[in-house]
Amino acid sequence: SGRSTKSFWDEKRFEPVAAGMRQGDVLLVCFGHNDEKDDAERHTDPATTYPEMLMRYVNAARIAGAVPVLCTSVSRNFFAENGFVVYTHGAYPQAVRELCQKEAVELIDLEMMTRELMKSLGAQKSCELFVNIPPGTDDRFPDGVADRTHYNIHGAKRVAEMVADALKENRLL
């Protein structure tokens with residue numbers, strides 16, 4: 001939580017994953033939300049350091065004989081007045097798509113898939129996918145929470161189903 005391609009790597013959180021990878025494993029890599037942050041510990045540039053960092057994960061998987069799969073970031077829950085789901089990740093999703101094309105890496109385009117899901121549900125109903133705590137219902141959050149980034153359990157299950165379906169479709173499961 002809260003990690004970027006850079007901070008996850010720099011904090012050596014990937015080392016146990018790399019040590020455990022075996023021939024035929026599938027490594028799912030999904031970053032971007034925190035790569036966008038301005039702080040030096042997490043920020044990467046979508047044109048340079050972000051794809052460079054992603055390639056570290058791809059190369060580690062390939063060295064272990066695992067199959068790397070890059071995922072674009074899931075969409076945030078922001079709608080324009082006309083019902084359009086607003087793009088909030090800048091150039092990061094496109095950077096993943098281009099890297100996958102260039103380096104022959106499997107891609108799961110979660111940004112596109114979750115945008116389509118939210119579009120199909122509409123602005124009001126899509127809120128049911130995200131962490132929302134009404135005011136006065138949780139002592140930890142007396143003013144409530146209306147989170148437009150973090151999926152709740154229901155939303156996370158929907159995203160996990162999308163990933164599983166994509167893995168099956170690409171014969172990786």
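## Exercises on helices, salt bridges and a pocket

Glu-11 has a relative accessibility of 41%, so this residue counts as partly exposed. The exercises below concern a predicted model.

**Exercise 1.** Determine which residue forms a salt bridge with Glu-11, and classify the exposure of that partner from its relative accessible area of 39%.

*Solution.*
Step 1. The partner of Glu-11 is Arg-13, and the closest N and O atoms of the pair are 2.7 Å apart.
Step 2. A distance within 4 Å is required for a salt bridge, and the 2.7 Å between Glu-11 and Arg-13 meets this condition.
Step 3. A residue is buried under 20% and exposed over 50%, with partly exposed in between. Arg-13, at 39%, is therefore partly exposed.
Step 4. By the same rule for salt bridges, the count in the model comes to ten.

**Exercise 2.** Describe the salt bridge between Asp-39 and Arg-42, and decide whether Asp-39 is buried or partly exposed.

*Solution.*
Step 1. The side chains of Asp-39 and Arg-42 meet at 3.0 Å, taken from N to O.
Step 2. Asp-39 has a relative accessibility of 25%, so it counts as partly exposed.
Step 3. Arg-42 has a relative accessible area of 22% and is therefore partly exposed as well.

**Exercise 3.** Explain which parts of the chain are tied together by Arg-97 and Glu-111.

*Solution.*
Step 1. The two side chains, of Arg-97 and Glu-111, form a salt bridge with an N to O distance of 2.8 Å.
Step 2. Arg-97 belongs to helix H4 and Glu-111 to helix H5, so the pair ties together parts that lie 14 residues apart in sequence.
Step 3. The exposure of each partner follows from its accessibility. Arg-97, with a relative accessible area of 22%, is partly exposed, whereas Glu-111, at 5%, counts as buried.
Step 4. Through salt bridges that share partners, Arg-97, Asp-109, Glu-111 and Arg-115 are joined into one network.

**Exercise 4.** Check the span of helix H4, residues 92–103, against the expected value, and establish where its buried residues lie around the axis.

*Solution.*
Step 1. At 1.5 Å a residue, the twelve residues of H4 should span 16 Å, and the end C-alpha atoms are 16 Å apart, which agrees.
Step 2. The buried residues of H4 are Tyr-92, Pro-93, Ala-95, Val-96, Leu-99 and Cys-100.
Step 3. When H4 is seen down its axis, these residues fall within an arc of 160 degrees, so they line one face of the helix.
Step 4. A general property of helices is useful here: an α-helix has 3.6 residues a turn, so residues three or four places apart point the same way.
Step 5. The other side of H4 carries the exposed residues Gln-101 and Lys-102.
Step 6. The cover over the buried residues of H4 includes helices H3 and H5 and strands E2 and E3.
Step 7. After H4 comes Ala-104, which has a positive phi, near 55 degrees.

**Exercise 5.** Carry out the corresponding analysis for helix H6, residues 153–169.

*Solution.*
Step 1. The 17 residues of H6 should span 24 Å at 1.5 Å a residue, and the end C-alpha atoms are 24 Å apart, in agreement.
Step 2. Gly-155, Val-159, Met-162, Val-163, Ala-166 and Leu-167 are the buried residues of H6.
Step 3. Their arc, seen down the axis of H6, is within 135 degrees, so they line one face of the helix.
Step 4. Ile-153, Lys-157 and Lys-168 are exposed on the other side of H6.
Step 5. The buried residues of H6 pack against E1, E2, E3, H5 and E5.

**Exercise 6.** Identify which residues lie nearest the centre of the largest pocket, and place Asn-34 in its surroundings.

*Solution.*
Step 1. The largest pocket has a volume of about 580 Å³.
Step 2. Its lining consists of 21 residues, and Ser-1, Gly-2, Arg-3, Cys-30 and Asn-34 lie nearest the centre.
Step 3. Strands E1 and E5 are the elements that give two or more residues to this lining. The largest share, four residues, comes from E1.
Step 4. Asn-34 is located in the loop between E1 and H3. Its relative accessibility is 14%, so Asn-34 counts as buried.
Step 5. Apart from neighbours within four places in sequence, Asn-34 is in contact with Gly-2, Arg-3, Ser-4 and Arg-42.

Terms used: Residues are numbered from 1 along each chain as its sequence is written. This is a predicted model: local features need pLDDT of at least 70, side-chain atom pairs count only at pLDDT 80 or more; totals for chains, interfaces and linings use all residues. Side-chain values use heavy atoms; hydrogens and water are left out. The expected span of a helix is 1.5 Å times one less than its number of residues. Buried means under 20% relative accessible area, exposed over 50%, partly exposed in between (1.4 Å probe, protein chains only). The arc is that of the directions from the helix axis to the C-beta atoms. Contact means heavy atoms within 4.5 Å. On a 1 Å grid over the protein atoms alone, a cavity is a set of points where a 1.4 Å probe fits but cannot get out, and a pocket is an open set with protein on both sides within 12 Å along at least five of seven lines; lining residues have an atom within 4 Å of a point. Grid points are joined across faces, edges and corners, and a volume is the space filled by probe spheres set on the points.
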